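Here are some short exercises to work through with the structure open beside you. Try each task before you read its solution.

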Amino acid sequence: MTDKIAHVVVDVPSVNTDRFYDYLIPESLQGAIHVGMRVTVPFGNRTIMGYVLSTAKESKVKGLKPIQSCLDVQPVLTEELISLGKWLAQETMSFFISSFQAMLPQALKASYKKSLHRVDTPSNPTLNALFDGRDNIDFDELETLIPLKIINEEIKRETVTWEYHVTTKESNKTVTMVKVVGELEAFDRYLAHLSKQAKKQYQLTEYFSTMDQDQPLKTVLERNKTTRQTIKKFVEAGLITLYQQQVDRNPYAGDMTKTRPLPLQSQQSEALDKIVDSMKKKRPDTYLLHGVTGSGKTEVYLQAIDWAIKQGREAIVLVPEISLTPMMVERFKRRFGDEVAVLHSALSIGERFDEWRKIQKKTVKVAVGARSAIFAPFENLGIMIIDEEHESTYKQEDHPRYHVRDVAIKRAEYHQCPVVLGTATPTLETFARAKKGVYQLIDMPERINHTAMPHVTIEDMREELHQGNRTMFSRRLKLAIEKRLQNNEQVVLFLNRRGYSTFVMCRDCGHVVECPSCDISLTYHQREHRLKCHYCNYSEPMPNVCPHCQSDTIRFFGTGTEKVEEALNETFPEARVIRMDVDTTRKKGAHERLLKQFGQKQADILLGTQMIAKGLDFPDVTLVGVLTADGLLNLPDFRAAEKTFQLLTQVSGRAGRHELTGEVIVQTYTPEHYSVLFAKAYDYHGFFKQEMALRKAYQYPPYYFLTLITVTHEQRLRAEEVTRVIQKLLVKHLSEEAIILGPSPSPIERIKGRYRFQCMVKYKNEPDLHHVLKKILDHYQKDYQKEKLMIHIDLNPQQL
Ligand code: ADP
Ligand code: ZN
Ligand code: ZN
């Protein structure tokens, strides 16, 4: 007897629907519906989407409704991913549906609005019926169906129109591509003759003049919301040409000469041997590959993957953020060519879907991507690699609040394959586990060819001020830049902006106002003109003079990249500067373009924020300047010192990676801070030891686990009140060892009109915590519609 019942999780993320529903599989869909497929089902008086998680012969529930239609020909979730999703929901205390949604590309989700073909829902929408009246649909070629609109509002028996993205092998064969042929001057001349009304043409001119590779016409039309007629004007003006390309959408196509594996140096081959041994023996070991920048970790990854592929297995490589690491991605493309799918958030929805589908259809062996690529639906994984494992982007800050490290380790159990965490600056949690033997530690302390680490100098900016230098550049940095300009070498300048304008510092003595009991800098709250601690709710008035030296230069901080760029232009008028920050990189491909320009030496100085700290490898960069190391240090975050150490080490790694030796100059108001000093000495172990002692003393991870509970409500009082009730409940139900802090306002107290209060639990072992929290959640969120009260629970928060 075939299964007639499907267990479906529906696309309604709420406490009340956080379970599986039984539906009847109608006769017409038997044989078509399989576990892991998307279906549409009647739900109340709506039609919504859901996932079939399992099937059964019978159900205890009477009067079941039938599934309406099936949206897939091939399951989008494997059995492994389904059980992973259930585990994830439990682990992160999120809804089942949210964890499945997190695993799939946008295109497969209900909110997807674009499609290629339009089909009206027939009255009996089985797969066959859906395509009644349509010729030449070969079911083997049919890839997927994407509903345009799943009705999420109350709709009463109206005719619902659906659109389906029907991708067949046929329809993907040729693509019209746009190639830019005009010179920049030609675009300028074109602009000069445009009438003021021609807004689209202005927009397109800018678009084309910054387009660094050919793009499908469809993409150009979509992105600019324009028509073929407008595009034609540019063709006629000789600025662009159109041509047909015989491939499917492949954003990374291009002629790339393949690289060959390099003969490994001894520390590399030792590392590779260990990893390969785990693969051979099918052991789910977790390795911490602790290697300084430039020690050749990437080459180890490449060869380990090569080994996996040769065994017919697959690999996942995670990078912190794809657009920030174009050079890294290119190395994988150049080694493995068409065997790589790149899951890039800056791709269009369709392009990303195509990349994902290559994995689903097993036409690739390697997936490279940011966080969510950990869910790549491979079925025979040989290795998972998390590069720069310390990066905070590996933690998802929204439902489900997972860390990729945990997901990778969970998947490794299933696939019996190793996980490799690579970094020069492991998180304290990871390094502590490696020391305990939970992870296997592999050390790569030497740079390739024993190149020296660049020399780091610390510049005390207080001293500069006392010497009458009020500019952003210390005298040493200014001289060093001048020297590079003369020698035709390149400079990377790093400005740390995050966390600015919230902490208060004395410019005279460098004193930062901190909470007396938390070892965390206080945050300035403009509304009340007070300083507050976000851990324990301590507060004090904003001081007028420095409590330390009585100077009146105490204030909160702020310098933007734009200001620095101005100052650079004034101080070094002959220097060509590329600025990289959120403003200059908003457009798709802008990162890659700016970096390419810098790589081709079209500029002398690359100025940027956090985003330039990662994965850059330019042979002519011999000087790296950090304008102020203090920004991160004063974030109201117990990880501030760790992040500063990581960042300084990363940034330093950008200099002198090749023949030329590098120099690093770090400007700071707190030159005596241990994270600055240990970074200068490239002393990870020293830093680890000191920071661990502090974490122990102040009861932070890795000695304690943290759970952050945030309550949001339109009324401040209500948010605070509920947080207080939760705090009391926790005190009552948890053990005496648990430390429960709060309620205190969240660092950003109000977002979109909602007030936020939080409560923090520090604990070593609280087996009941999940259970208690779940009860609290259920209690409050059952009435969400009535009260609009929200509770977020973040187990192991990264940002506080
Ligand atoms: P990491 O990932 O640890 O920062 P990379 O893998 O980027 O280090 O290696 C640093 C540089 O050394 C790169 O330019 C790389 O091409 C080169 N390299 C790596 N391994 C070898 C090797 N075995 N022989 C020669 N050069 C190598
Ligand atoms: Zn405090
Ligand atoms: Zn002072």
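Helices (H or I, at least four residues) and strands (E, at least two) are DSSP runs, numbered from the N terminus. This is a predicted model, in which local features need pLDDT of at least 70 and side-chain atom pairs count only at pLDDT 80 or more, while totals for chains, interfaces and linings use all residues. Residues are numbered from 1 along each chain as its sequence is written, and chains are lettered from A and ligands numbered from 1 in the order in which they are written.

**Exercise 1. Cysteines from the record**

Task: locate Cys546 and decide whether Cys546 is buried or exposed.

Solution. Start with the place: Cys546 sits in the loop between β23 (539-541) and β24 (554-556). Next, take the cut-offs: a residue is buried if 20 or more other C-beta atoms, placed from the backbone, lie within 10 Å of its own, exposed if 12 or fewer, and partly exposed in between. Cys546 has 21 C-beta neighbours inside 10 Å, so Cys546 counts as buried.

Now turn to the record. UniProt gives the feature "binding site" (unreviewed entry) at Cys506, Cys509, Cys546 and Cys549. These four span 44 residues in sequence, yet no two of their C-alpha atoms are more than 8.6 Å apart, so they gather at one spot. UniProt positions follow the numbering used here, feature names are shortened, and annotations may be inferred rather than shown by experiment.

The UniProt entry (unreviewed) also lists Cys515, Cys518, Cys533 and Cys536 under "binding site". Of these, Cys515 lies in the loop between β20 (504-506) and β21 (523-525). Cys515 is buried, because 21 other C-beta atoms lie within 10 Å.

**Exercise 2. Two open sheets**

Task: work out which strands stand at the edges of the six-stranded open sheet.

Solution. First, write down the order, β18-β28-β27-β19-β26-β25, with parallel pairing. Then look at the ends: β18 (455-460) and β25 (577-580) each have a single partner strand, so one side of each is left without a neighbour in the sheet. The twist averages 15° from one strand to the next, where axes are lines fitted to C-alpha atoms and angles run from 0 to 180 degrees between N-to-C directions.

Two strands pair if DSSP finds at least two bridges between them. β18 and strand β28 (residues 663-668) run parallel and are joined by six bridges. Within β28, Gln667 is the bridge partner of Glu459.

Repeat the steps for the open sheet of seven strands, ordered β13-β14-β12-β15-β16-β11-β17 with parallel pairing. Its edges are β13 (340-343) and β17 (440-444), each with a single partner strand, so each has one side without a neighbour in the sheet. Inside this sheet, four bridges join the parallel strands β15 (residues 381-387) and β16 (residues 419-423). Met384 has Val419 as its bridge partner in β16.

**Exercise 3. A helix by its length**

Task: what span should helix α19 have, and how far apart are its end C-alpha atoms?

Solution. The expected span is 1.5 Å times one less than the number of residues. For the 13 residues of α19 (residues 640-652) this gives 18 Å, and the end C-alpha atoms are 18 Å apart, which agrees. As for cover, 13 of the 13 residues of α19 are buried.

**Exercise 4. A second helix**

Task: which helix holds Ala271?

Solution. Ala271 belongs to helix α8 (residues 266-280). Ala271 is buried, with 28 other C-beta atoms within 10 Å.
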